[in-house]
Every structure is written in C-alpha cells, then in structure tokens.
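Hi,

Here is the structure I promised to pass on. Have a look at it first, and my notes follow underneath.

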Amino acid sequence: MASTFSAKTFSGTVGIVPALDIETQEKFDAVVKATSGVPGVAGYKLGLTSVLRHGLKESMRRVRDLTDLPILYDHQKAGPDMPDMAKKFTALCAEAEVDGLILFPVAGPTAVDGFVGEALKAGIAPVVGGEIPVADYGVSGGGYLLDNALDLILERSVMGGADHFVLPAHDTAKVTRWSRWIAANVKDPLVFLTGFGSLGGTIEGAFAAAKDCPRRFAIVGRLITEANDPAGAATALYEKMQALETTAP
C-alpha cells in the first residue's frame, strides 16, 4: 500500500521552533504539551537525545501524539557522510514521516547534491547549513573547515533546489551577508536561526540581520526547555519578534 505521508510546512513569517534536546521523556512531553498551543510556536526540532533512546520512528510517533506542528529532524548534523548514504538516510526519515531535515553536507559538492536531492525526492524539506556557533569551527579560529564553507554549500544547495536554510545567530555580520545572498537567489526562502542565549545569539540582533529574508524562525533550546514556564518563555521570545516586525522600516 502506498504511503499517504505529506510533509507539513511551516506557516507564518516569523516564529519559534523549540529544540527538543531533552534528557527525559517526561520533560520532553511536558515541554511540548506546554508550548504546542502557544501563538508563535511554529514547529519543533527533534534531536538525538530522543532518537537514540526510542528510535526515529517511535520518537516521531511520540511527538505526533502531542502536536500536529511540523517537525525538523536534526541528526547532529546529517550530511557529512558518503553521498551514497543520502538515499538510505532519507528513506528512513521519510518512513518516520519527518517534515524537514537539518543537513550539514560538509563532505563536498556530491554530498550536497546527494542529501539535498534525496530529501527533495522524498518530499522532505532539506534545511541546509554548515556552520555552528563554536569559536574554533573555522580555520581562522583554529578549526578545520574553510571560513567560506557555508557560502559554497549554500550556492550548491540552491542549484539543487533547496529553499530552507539554517544559520548561526551569533555572528550578525555573517547572517546579514548570507541572508542577502539567499534573498537575491531564492524565491520565498525560509531561514532558521539558531544559537541563542549562552551561544551568543539574540532575537533582536539575528532577526534584524536576516531581515532580507522575511520568513525567519528561531530554533531555541534551553531558553525554553530549561525555563520554569516554557510557554511563557516562548511567548516572550515571540513578542520580541513581533516588536521587530512592527518597527522594521
């Protein structure tokens, strides 16, 4: 029998995506229950803490018992692999009915083509990135990747049809540059910003920097999941976004 799965899409122009990198199932459930009906919460990011415990398909079943919002799967991070793994990986994600895949295809152009292409074939949104908010990630900071690696990945992924992207929020100059390029080269792009709070990013700074892309969503972890009132924390972040929208020129 053919699958009737159809990936859910993110609605609205700005919103919050709580990152469910949570140690216990009880707290996982509590955070989703508290936030899934909060205005501005647009979806969730599922990570390995749940998936390693239950498996991807079971983790998706559990979160689907709690919410109908779109779910991104972050494999911490998928894509830096042999290109022929793309089809196998994406098939499992499609079977679990994941709506979007965060991909860091830093293994080269064929990895970009493979992982982005297979996600699109499966009807799953490839959410393409390639940089995290770590000081020694790039060569200039003492790391191993070229400082322009994400520039190259973005260009290649757009050639392959990607229109969802994830950018680190802490470096507003880079966010501005990337967002301008994306807006100039992609029709109706969607940008996720990540790395808030202790990782250096702010809603005000990152969302202003990404203003060339009107559809902007914040992936937020501990600021929500470790808050005494997750719903209140999500609401406060969303109100900051709305204030920026109303004051933007």
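**A buried acid and its partner**

Let me start with aspartate 99, which has a relative accessibility of 4% and therefore counts as buried. Keep in mind as you read that this is a predicted model. Which side chain does aspartate 99 meet in a salt bridge? The partner is arginine 64, with 2.7 Å from N to O. This pair links distant parts of the chain: arginine 64 sits in helix α3, aspartate 99 lies in the loop between α4 and β4, and 35 residues separate them. Arginine 64 has a relative accessibility of 24%, so it counts as partly exposed.

**More salt bridges**

In total, the structure holds 16 salt bridges. Helix α3 (residues 56-64) carries another one that you may want to pull up: arginine 62 and glutamate 58 are 4 residues apart there, which puts about one helical turn between them. Their closest N and O atoms are 3.0 Å apart. Arginine 62 is partly exposed, at a relative accessible area of 25%, and glutamate 58 also counts as partly exposed, at 25% relative accessibility.

Then there is aspartate 74, which forms a salt bridge with lysine 77; here the closest N and O atoms are 3.3 Å apart. Aspartate 74 counts as buried because its relative accessibility is 2%, under the 20% cut-off. Lysine 77, at 26%, counts as partly exposed. The two belong to a network in which salt bridges with shared partners join Asp21, Lys45, Asp74 and Lys77.

**Some backbone oddities**

Lysine 77 comes up again for its backbone. The residue is found in strand β3 (residues 71-78), and the peptide bond that joins glutamine 76 to lysine 77 is cis, with omega at about -15°. As background, most peptide bonds are trans, and most residues other than glycine have a negative phi.

Which way does phi go at glutamate 97, positive or negative? It is positive, about 65°, although glutamate 97 is not a glycine. You will find glutamate 97 in the loop between α4 (85-95) and β4 (100-103), and that loop also holds aspartate 99 from the opening section. Glutamate 97 counts as partly exposed, with 38% relative accessibility.

Aspartate 188 is another non-glycine residue with a positive phi, in this case near 50°. Its place is the loop between α7 and β7. Aspartate 188 has a relative accessible area of 51%, so it is exposed; the cut-off is over 50%.

**Around strand β7**

From that loop the chain goes into β7 (residues 190-194), so this is a good place to look at the strands. How many of the residues in β7 are buried? The count is 4 of 5, so the strand is mostly covered.

Strand β7 pairs with two strands that I looked at. With strand β6 (residues 164-168) the pairing is parallel and has 5 bridges; as one of the contacts, proline 168 has threonine 194 in β7 as its bridge partner. With strand β8 (residues 215-220), β7 also runs parallel, joined by 5 bridges. There, leucine 190 has arginine 215 in β8 as its bridge partner.

The helices make the connections here. Helix α7 (residues 172-185) forms a right-handed β-α-β unit with β6 and β7, and helix α8 (residues 203-209) forms a right-handed β-α-β unit with β7 and β8.

**On the surface**

One nonpolar patch is worth clicking on: Val139, Leu146 and Leu152 together make about 280 Å² of it. Leucine 146 is found in the loop between β5 (125-128) and α6 (149-159). Its relative accessibility is 56%, which is why it counts as exposed.

**The chain as a whole**

Zooming out, the chain has 10 helices and 8 strands. Its radius of gyration is 17 Å, close to the 18 Å that the globule rule gives for 249 residues, so the chain is as compact as a globular protein of that length. The C-alpha trace spans about 50 × 40 × 35 Å along its principal axes. Of the 249 residues, 48% are buried.

Cheers

Note on methods:
Residues numbered from 1 in each chain as written. Predicted model: local features only at pLDDT ≥ 70, side-chain atom pairs only at ≥ 80, totals over all residues. Heavy atoms only, no water. Patch = residues over 30% accessible without salt bridge, like charges linked within 9 Å, V, L, I, M, F, W, Y side chains within 5 Å. Areas by Shrake-Rupley, 256 points an atom, 1.4 Å probe, with all protein chains shown as cover. Salt bridge = Lys/Arg side-chain N within 4 Å of Asp/Glu carboxyl O. Buried < 20%, exposed > 50% of the residue type's maximum accessible area, 1.4 Å probe, protein only. Pairing = 2+ DSSP bridges. Right-handed = clockwise from strand over helix to strand, strands pointing away. Rg over C-alpha atoms; globule rule 2.2 N^0.38 Å.
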